Amino acid sequence: MQTEKSGTEKIILISYLLIAGFVVVLLRLWQLQVLQGNELRKISESNRLRVIGVPAPRGIIFDRNRVPLVKNTPYFCASVIPQEFNKGNITALSGLLNVPEPELYDRIMRKAASPFTPVRVKEGLSFSEISVIEARRSDFPGLLVEVETSREYMYGSVGSHLIGYLGKLNPAQANDPNFKDVPPEAFIGQWGVEKLYDKTLRGTAGQRIIEVDAVGREIRLLYETAPIKGSDLDLSIDIALQREAEKAFEGRAGALVALKTDTGEVLGLVSSPSFDPNRFAKGVSYNDWKDLMEDKKKPMLNRAIQSQYPPGSTFKILTAIAALEEGAIDTGTKADCRGGLNYGKWRFGCWKKTGHGVVSIHRALVESCDVFFYETGKRVGFDKVHDYALKLGLGAETGIALGRERKGLIPNSDWKLETKKTAWFLGETFINSIGQGYVSTTPLQLAVMMSAVANGGSVYKPLILKDTVPELVRNAGLRQETLEIVRDALKGVVNEPGGTGAAARSSMATVGGKTGTAQVVGIRKDSKYLSEKFRDHAWFVSFAPVEKPEIAMSVFVEHGGHGGSAAAPIAKKALEAYLLPEEKKKELLNVQN
């Protein structure tokens, strides 16, 4: 009897335990499905579904002859989804990716926008790195390889100050509503055309929603919107001209600007030395950026628009125009150059110590006689020269879209009184009339001036896109007789015996031009006997063909010595590259049709 009673009690006890367990299970199911159902459903869906942004291919940048200057290339990155990642795997992942463990931990744990948003942990993966990651994916749930697009600048540093480069959003841009559609890790234009036309080039990103398995592998595609490629751009530059010009600088510092005379289109814009934008295409390293910033040759400075220098004897073109327009001189006016001019206790020398003898305006420009232009400046007065210089585009920003231009300086008596608190002296007229003293210009301004002289007096805003509607800033209102006298003399500078610009003479077109040698220090000593930093700056401004001008150019070589020997040959090489037939240019550039 005792045994039967004990068995019944055990059955009752087990029944109670089963009922209690069943109740616990029911309560847990109620908690999971009713109380936490929505939250857990979202987590489950997020864990199963993955939303992937698909970057849009960036628009291609071409030169004016449809030669591509850039191309898009894939760029692979390793990312981690924090929610799926096992934190205990950080040490192993550090070894796999060769990323320091503290850095990896910081990225995954602190930089996640949400537990399901991929966090970039390594960029610029090589194919061998991708292979290793894919082989180990099952060991690291939440680890994935993402693909972005990057840029390859096909001519390296050629044209970099105009074309620009890409970079990631900086903190100010990250908070700018204009960039609200840009993913945090995406590259955008940060310099030059890439920055100016970033929105046009960027396109619209697409999206893919995929279902993944437990280790993050794609099972099937659920939804997809295709990215829309950015628009292409045709720049105004001629890459053959640009490349040959940059080669001609041979590492020397300086600038070149070439303009289309009837539209203001920029055919070439060189600032030497420059930088390779490919260094930025996949994110510039701290050391690379530091090297660029600390480089004493200042490769990031755009000397074509952001540096101003005394124009030297190229300014004699302005002095001649002002004097002819005001009737202060004519073609019969002569000066006797005996190597210098005495004024009071001072002597203003000519670059040719033995003198040029008796010269008129034609030979004075051809041989660049300083004494003739001392006398001419005195006759017309520098205030008048100042007015014509401004009319022809000097002393003010040109308005080129690249921005941050220097204004240069064209002084007059009012400026002197206001800034120096003293009156203008005749001696200042002498030295400013030959492009020294207070006068300073940018290479771009001198190209604009030369273009206006070539085209009949029209000053155009420099444009960097091909076939843009020309923007006429003003017509200087010069008499054609004045321009013909000056242009004929400039033709003589290059093509007549004794002309200072003979090194620019070309068999492909008749070139007109003017040399300039701007003193850096007041020492009349041959440049070859001076250290480089004290050598004169070299200038050459030109246009061609003289009979029907199509291109105007200014070339500046920092501490280059004489304009005729340092700057004029560069202008010739750039011009001849520009004049080549299109097929020859493609052969030169090794471009496949």
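This is a short tour of a predicted model, stop by stop, with what to select and what you will find there.

**Stop 1: a three-stranded sheet**

Start by selecting residues 49-54, 206-212 and 218-225, which are β1, β8 and β9. Together they make an open sheet in the order β1-β8-β9, and the pairing is antiparallel. β1 and β9 are the edge strands: each has a single partner, so one side of each has no neighbour in the sheet. Look at the twist while you are here: neighbouring strands are turned by 25 degrees against each other on average, direction ignored.

Now zoom in on the β1 and β8 pair. Six bridges hold the antiparallel pairing of these two strands. To find your register, pick V51 and look across to β8, where its bridge partner is I209.

Stay around and show the side chains of R220 and E211. They form a salt bridge, with N and O 2.6 Å apart. Which of the two is buried, and which is partly exposed? E211 is the buried one, at 12% relative accessibility, while R220 is partly exposed at 47%.

**Stop 2: K168, away from E211**

Keep E211 selected and add K168. The two are 43 residues apart along the chain, and their C-alpha atoms are separated by 30 Å. K168 belongs to strand β6, residues 165-168. Its relative accessible area is 28%, so K168 counts as partly exposed. Show its surroundings and, beyond residues up to four places away in sequence, you will see K168 touching E123, Q173, E185, A186, F187 and Q190.

**Stop 3: salt bridges across the chain**

The structure holds 34 salt bridges in total, and a couple more deserve a visit. Select R120 and E146: they form a salt bridge whose closest N and O atoms are 3.5 Å apart. R120 sits in strand β4 (residues 119-123) and E146 in strand β5 (residues 143-153), so this pair links distant parts of the chain, 26 residues apart. R120 is buried, with a relative accessible area of 7%.

Next, go to E326 and K384, another salt bridge, this time with N to O at 3.9 Å. Which parts of the structure does this pair tie together? E326 is in the loop between α13 and β13 (335-337), and K384 is in helix α16 (residues 382-391), so the link joins parts that are 58 residues apart in sequence. Both ends are partly exposed: E326 at 37% relative accessibility and K384 with a relative accessible area of 36%.

To finish this stop, select R58, R151, E194, D198 and R202 together. Salt bridges with shared partners join these residues into one network.

**Stop 4: E325 at the end of α13**

Step back one residue from E326 to E325, which lies in helix α13, residues 316-325. E325 has 16% relative accessibility and counts as buried. Follow its side chain: one of its polar atoms is 3.0 Å from the backbone nitrogen of R479. Beyond neighbours within four places in sequence, E325 contacts Y388, G477, L478, R479 and T482, so select those as a set and look at what surrounds the glutamate.

**Stop 5: K260**

Jump to strand β11 (residues 254-260), where you will find K260. Is this lysine buried or exposed? K260 is buried, at 16% relative accessibility. Leaving out neighbours within four places in sequence, its contacts are R64, E265, L267, S451 and E550.

**Stop 6: the cysteines**

How many disulfides does the structure hold? The count is zero. Try C337 as an example: the nearest cysteine sulfur belongs to C369 and is 3.7 Å away, and C337 is in no disulfide. The cut-off for a disulfide is sulfur atoms within 2.5 Å. C337 is buried at 3% relative accessibility. C77 is buried as well, at 0%.

**Last stop: both ends of α17**

Select helix α17, residues 413-420, along with N412. At the start of the helix, a side-chain oxygen of N412 comes to within 3.3 Å of the backbone nitrogen of D414. Then move to the other end: just after α17, K421 takes a positive phi of about 65 degrees.

Notes. Residues numbered from 1 in each chain as written. Predicted model: local features only at pLDDT ≥ 70, side-chain atom pairs only at ≥ 80, totals over all residues. Heavy atoms only, no water. Pairing = 2+ DSSP bridges. Helix = DSSP H or I, 4+ residues; strand = E, 2+ residues; numbered from the N terminus. Axes fitted to C-alpha atoms, helices over the stretch in contact; angles between N-to-C directions. Buried < 20%, exposed > 50% of the residue type's maximum accessible area, 1.4 Å probe, protein only. Polar contact = N/O pair within 3.5 Å; in protein donor to acceptor, adjacent residues only side chain to side chain. Contact = heavy atoms within 4.5 Å. Salt bridge = Lys/Arg side-chain N within 4 Å of Asp/Glu carboxyl O.
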